Amino acid sequence: MNDAVRKLSQAGHDNTELHHREAPNNVEAEQALLGAILVNNDAYYRVSDFLKPIHFHEPLHRKIYELAGDTIRMGKIATTITLKTHLPTDGRVGDLTIPQYLARLAAEAVTIINAEDYGRAIYDLALRRSLINIGEDMVNIAYDAPLDMPPQTQIEDAERRLFELAETGRYDGGFQSFNDAVAQAIDMAGQAFERDGSLSGISTGIHSLDARMGGLQRSDLIVLAGRPGMGKTSLATNIAYNIAASYEPEVQADGSYKARNGGVVGFYSLEMSSEQLATRIISEQTEVSSSKIRRGDISEADFEKLVACSQMMQKVPLYIDQTGGISIAQLSARARRLKRQRGLDCLVVDYIQLMTGSGKSSDNRVQEITQITTGLKALGKELNVPIIALSQLSRQVESREDKRPQLSDLRESGSIEQDADVVLFVFREEYYVKNLEPRDEFDPKYEEWKMKFEAVKGTADVIIAKQRHGPTGTVKLAFQSEYTRFTDLADPSFTQYEH
């Protein structure tokens, strides 16, 4: 212990003064910007879109900037004279009083041409201080190990704070010139022209659905809803696999990869295990019934098909998270991590009602669902990916003679309907007609029932009940229940419709 003290003492003598790390800041830049604003209030408008009082390191500078902003927004002129009455007169900055300090700032002001550069320098330093704070909090919490914050929760909290900082930590927001917007629109049209199927969005692999929707548009929240047994999960699984299987990466100028076709898919399976989901996909691809796969009732030829399919599927960028009862905060953190590590082009959540809000407890389920859908919509915009969120429908559908779902049938429909960019309903009339089968085949109504059943057998309707950028309507698809597969009716793989 004495040796350690002696070494520390010697180090102090050797360096004459121990080095103290100060938080990143540039007081001169803050002074130059404030001086420019006091001389010409137009300088404020050059930085006010991204620079806030909290970004200033010096507390007095924060107060001056805040007062100047309030004064200018009220239509008044912010000068040393108008501001000094709102600042403490007994305060001092070195040898200067506050009014004298304001006068010095204005007297030594530079031209407002450099105002934006000074603002960006101040802003970047504030971001660096925020990063330091997050790092210090991580270290301190890890040392203290509070009971209500296990390590996994701390990781998710740190990721959330970092991504919030990344999302807000830029000064390129605000209004965009119409020329830039037009250039982006033309660029999107060019990409659609080069992409398979000439779609502006990501192809679902189901052509008739793509024709109505133009593919899945980035940042959209697409709600896929239906009653149990309608095939919501089957359709979502089909779309997810189609996107992942058609993935074609394209190298960008900076060395990163971007999807030319298809994409990397993240699938949150809150209801089924990853094995069950994989079984469905294998059944769909090999045309071996999933029930036979589970029972092991397969031939040697079927088994060879399964092995060949599994080898092919190992290269497909489809990632499954089977955590049950996941919160919107956990889901968002894991989605961000997947995008950072593997890339991400589409996200599927099965399903909304099995998720929980970010709060520790919620007595109001409607508010919790609102928090979830709002969080999903915000996540889609943040990651710039379409999110397909499955949802249950209320039982009131069953009490109606016409079982076709409506927007009002969505559970807690207020928030789901409002936040969704697209609402799709899966409806299989075959399901309801089959339940009406007369017990006696000699019943006079049996033939009438049989004709009706044959007319709807193997078909499904995807009802586009809401679409912000396109028409509503109904798309009729083929559905092979034994393979849990949705396809276009004209698809030659659907054998029932081959003639």
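Buried residues account for 42% of the 499 residues in the chain, and since what you have open is a predicted model, every value on this tour is computed from its coordinates. Colour the chain by secondary structure, and you should find 19 helices and 13 strands. If you then display contacts between residues at least 6 apart in sequence, 67% of them join residues at least 24 apart.

**First stop: helices α2 and α4**

Select residues 27-39, which form helix α2, together with residues 59-73, which form helix α4. The axes of α2 and α4 come within 11 Å and cross at roughly 25 degrees; the two helices are therefore roughly parallel to each other, an angle under 35 degrees being counted in that way. The crossing of α2 and α4 is left-handed. Show side chains on both helices, and you will see Val27, Glu30, Gln31, Leu34 and Ile37 of α2 meeting His61, Ile64, Tyr65, Ala68 and Ile72 of α4. Sorted by class, the residues in this contact of α2 with α4 are seven nonpolar, two polar and one charged.

Stay with valine 27, which lies in helix α2. Its relative accessibility is 25%, so valine 27 counts as partly exposed. Now add glutamate 58 to the selection: although it is 31 residues from valine 27 along the chain, the C-alpha atoms of the two are separated by 7.1 Å.

**Second stop: from α2 across to α7**

Keep α2 on screen and add helix α7, residues 115-144. How closely do the axes of α2 and α7 come, and at what angle do they cross? They come within 9 Å and cross at roughly 140 degrees, and the two helices are therefore oblique to each other. As α2 passes α7, the crossing is left-handed. On the α2 side the contact is made by Ala29, Glu30, Ala32 and Leu33, and on the α7 side by Ala115, Tyr118, Gly119 and Ile122. By class, this contact of α2 with α7 comprises six nonpolar residues, one polar and one charged. Glu30 is worth labelling, since it appears in the contact with α7 and also among the α2 residues that meet α4.

**Third stop: α4 against α6**

Return to α4 and bring in helix α6, residues 98-107. The axes of these two helices come within 13 Å and cross at roughly 75 degrees, which makes α4 roughly perpendicular to α6. Leu60, His61 and Ile64 of α4 make the contact with Ile98, Tyr101, Leu102 and Leu105 of α6. The residues of this contact divide into six nonpolar, one polar and no charged. His61 and Ile64 of α4 can be kept highlighted from the earlier view, where both were among the residues meeting α2.

**Fourth stop: two buried residues**

Centre next on glutamate 284, in helix α12, residues 274-286. With a relative accessibility of 5%, glutamate 284 counts as buried. Setting aside residues up to four places away in sequence, glutamate 284 touches Asn238, Asn242, Tyr483 and Arg485. Threonine 237 is 47 residues from glutamate 284 along the chain, and their C-alpha atoms are separated by 9.7 Å.

Then move to serine 327, in the loop between β7 (318-321) and α15 (328-341). Is serine 327 buried or partly exposed? At 11% relative accessibility, it counts as buried. Apart from its neighbours within four places in sequence, serine 327 is in contact with Met355, Thr356 and Gly357.

**Fifth stop: helix α16 and the loop after it**

Select residues 365-383, helix α16, and pick out threonine 374 within it. Threonine 374 is partly exposed, having a relative accessible area of 41%. Its side chain is joined to that of aspartate 419 by a polar contact of 3.4 Å. Glutamine 418 is 44 residues away from threonine 374 in sequence, while the C-alpha to C-alpha distance between them is 9.3 Å.

Follow the chain to asparagine 384, in the loop between α16 and β9 (387-392). Asparagine 384 counts as partly exposed at 39% relative accessibility, and its phi is positive, about 60 degrees, although it is not a glycine. Most residues other than glycine have a negative phi.

**Last stop: serine 219**

Finish in the loop between α10 (207-213) and β3 (221-226), where serine 219 lies. The phi of serine 219 is near 75 degrees, again a positive value in a residue other than glycine.

Technical notes
Residues numbered from 1 in each chain as written. Predicted model: local features only at pLDDT ≥ 70, side-chain atom pairs only at ≥ 80, totals over all residues. Heavy atoms only, no water. Axes fitted to C-alpha atoms, helices over the stretch in contact; angles between N-to-C directions. Helix = DSSP H or I, 4+ residues; strand = E, 2+ residues; numbered from the N terminus. Parallel < 35°, antiparallel > 145°, perpendicular 65-115°, else oblique. Left-handed = near helix turned anticlockwise from the far one by under 90°. Contact = heavy atoms within 4.5 Å. Nonpolar A, V, L, I, M, F, W, Y, C, P; charged D, E, K, R; others polar. Buried < 20%, exposed > 50% of the residue type's maximum accessible area, 1.4 Å probe, protein only. Polar contact = N/O pair within 3.5 Å; in protein donor to acceptor, adjacent residues only side chain to side chain.
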